[in-house]
Amino acid sequence: MWKVAMSEEVGKAIQSVAERVKQAASRRQKSLPSVAPRLVAVSKTKPPEMVVEAYRHGQRNFGENYVNELVDKASDPLILESCPDIKWHFIGHLQKNNVNKLLGVPNLFLVETVDSVKLADKVNSSWERIRGANATQKLRIMVQVNTSGEQSKHGLPPEETVSTVKHIVSRCSALHFSGLMTIGRYGYDLSLGPNPDFQMLLSRRQELCESLKLPVEEVELSMGMSTDFEHAIEVGSTNVRVGSIIFGNREYPNSAANTPTPSPEKTSKVRGKFQMDNVEELSSEFNTDLSGVRSEAATASLQTLHRKDIMTERTRSQIQAVEMSFLRRVAGRSLRDRVRSSVTREELGVEPLLLHVERGQLRWLGHLYRMPPGRLPGEVFRACPTGRRPRGRPRTRWRDYVSRLSWERLGIPPEELEEVCMDREVWASLLRLLPPRPDPG
Ligand SMILES: *Cc1c(COP(=O)(O)O)cnc(C)c1O
């Protein structure tokens, strides 16, 4: 089956690209810092199994460009279990309202796309809060520069590089400034000479190191992708982000052969773990009955899992991961905000589905979300006394109500709910993935 084919292909590709990276490094001009380049395997749109396969072949650094996809993949039980030393890079555009979610990602190694002082401040303060008292580690970040000046590209205008890095180095004590990153123009013809985007990044580094007295070897350059990573390394890249030649071309939903290929910007909105046929159409009609699509994907995967007669440890942790991913999406936002914010809808991808979730359920999830970090769902579950009922609901015991919801919505039978709730360790690690509560302002 595809798994066998995939395993061989991904493994071979990883080995061949890693070898090419090494070769390119040996051709690097001697005047450049001899930092061994890091290969980041860009796994966006690809399933966790492929990440695991690449990991088995020695790959450790992986990149994703959507926060939700990264959250899902990094907390996928298969990856948590099989890839303990994985290093995740965030390489996509980062919005302030997604920072907390991103920083909760397990094994987050490097955020490559900080592109303003404001964003740096936000990342800094969030990391200060998240790492708490028990960790002193700084968060590695890079500053993304828009070297090609294209409107469609994110990143700082090049002339703001020095002032932004200066701010980060002097004011953001929770951050470790690791270097500069650029995407650059697509499809540059190398027969015309060195890629000007890469040259621009090099000269900004030079300027930066001179004015801030930073050693050049300590300021990395993230540049180069599938089509040009060797050239990028030859001219000084220390971090290449390579996707399609490792994992194969990316397929986006709705890009059937008979429709024109949509732009990446557009397709990006309809991706994600819980893909539905047409999220955009649905979101324009979310007042209509969505019961047919309601948590289709989540329910389906849970039901598949529950069909097995014996619930293994692994199955259980899969169920919990699905639930947690669900909780993360719902928690922390008011229903009204979610209905109103198109940004939220697009960011979350699965929003229309959640609009259907009832208030009562949100309350319960909110309760779970707000409980102190040490408390676990099992305790909350048992601590909920009888008699409180969500508006519009018959007066039943809270516990029965939650049980029924979990059965109806998540396909978990009541007796198992209790069992799952009491699984302290598994829940504890998953709970840490929840983003901190958003500031009310
Ligand atoms: C997708 C992506 C890559 C990898 O692109 P390939 O051409 O598939 O190697 C690199 N960097 C960023 C920022 C990306 O979004």
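**Exercise 1. List the residues around the ligand and sort them by class.**

Solution. Start with the list. The ligand is surrounded by Val42, Lys44, Asn65, Ile91, Ile183, Met225, Ser226, Arg241, Val242, Gly243 and Ser244. A residue is near a molecule if its C-beta atom, placed from the backbone, lies within 6 Å of it. Numbering starts at 1 along each chain as its sequence is written. The model is predicted: local features need pLDDT of at least 70, side-chain atom pairs count only at pLDDT 80 or more, and totals for chains, interfaces and linings use all residues.

Now sort. Ala, Val, Leu, Ile, Met, Phe, Trp, Tyr, Cys and Pro count as nonpolar; Asp, Glu, Lys and Arg count as charged; the others, Gly among them, count as polar. The shell then holds five nonpolar, four polar and two charged residues.

**Exercise 2. State the confidence of the model, then find stretches where pLDDT is below 50.**

Solution. pLDDT is the predictor's confidence in each residue, from 0 to 100. Its mean over the protein is 71, and 54% of the residues reach 70 or more. One stretch below 50 is residues 392-398, which has ten contacts in the model beyond near neighbours in sequence. Another is residues 419-441, with 40 such contacts. Two residues are in contact if their C-beta atoms, placed from the backbone, lie within 7 Å.

**Exercise 3. Describe the overall make-up of the protein.**

Solution. Count the elements: 22 helices and eight strands. Helices (H or I, at least four residues) and strands (E, at least two) are DSSP runs, numbered from the N terminus. Next, burial. Of 441 residues, 38% count as buried. Buried means 20 or more other C-beta atoms within 10 Å of the residue's own; exposed means 12 or fewer; partly exposed is in between, with C-beta atoms placed from the backbone. Last, contact range. Among contacts with a separation of 6 or more, 64% join residues 24 or more positions apart.

**Exercise 4. Place Lys44: is it buried, exposed or partly exposed, and what does it touch?**

Solution. First, the record. UniProt, in an unreviewed entry, puts "modified residue: N6-(pyridoxal phosphate)lysine" at Lys44. UniProt positions follow the numbering used here, feature names are shortened, and annotations may be inferred rather than shown by experiment.

Second, the location. Lys44 sits in the loop between β1 (38-42) and α2 (48-56). Third, the burial. Lys44 is partly exposed because 19 other C-beta atoms lie within 10 Å. Fourth, the contacts. Outside its neighbours within four places in sequence, Lys44 contacts Glu64, Asn65, Tyr66, Glu69, Gly243 and Arg250.

Finish with α2. Its buried residues are Met50, Val51, Glu53, Ala54 and Tyr55. Gly58 follows α2 and has a positive phi, near 100 degrees.

**Exercise 5. Relate Ser244 to Lys44.**

Solution. Ser244 belongs to helix α10 (residues 244-247). Ser244 and Lys44 are 200 residues apart along the chain, yet their C-alpha atoms are separated by 9.5 Å. Ser244 has 13 C-beta neighbours inside 10 Å, so it counts as partly exposed. Leaving aside neighbours within four places in sequence, its contacts are Ser226, Asn249 and Arg250.

**Exercise 6. Work out how helices α3 and α6 are covered.**

Solution. Take α3 (residues 67-74), which holds Asp72. Eight of the eight residues of α3 are buried. Asp72 counts as buried because it has 23 C-beta neighbours inside 10 Å. The C-alpha atoms of Asp72 and Val105 are 8.8 Å apart, with their positions 33 residues apart along the chain.

Turn to α6 (residues 117-131). Its 15 residues reach 21 Å from first C-alpha to last, close to the 21 Å expected at 1.5 Å a residue. The expected span is 1.5 Å times one less than the number of residues. Buried in α6 are Leu119, Ala120, Lys122, Val123, Asn124, Ser126 and Trp127. These buried residues pack against α5 (99-103), β4 (108-114), β5 (139-144), α7 (161-171) and β6 (175-181).

**Exercise 7. Compare the settings of Asn107 and Lys213.**

Solution. Asn107 lies in the loop between α5 and β4. Its phi is positive, near 65 degrees, though it is not glycine. Asn107 is partly exposed because it has 16 C-beta neighbours inside 10 Å.

Lys213 lies in the loop between α8 (196-212) and β7 (220-222). Lys213 is not a glycine either, and its phi is positive at about 55 degrees. With 7 C-beta neighbours inside 10 Å, Lys213 therefore counts as exposed.
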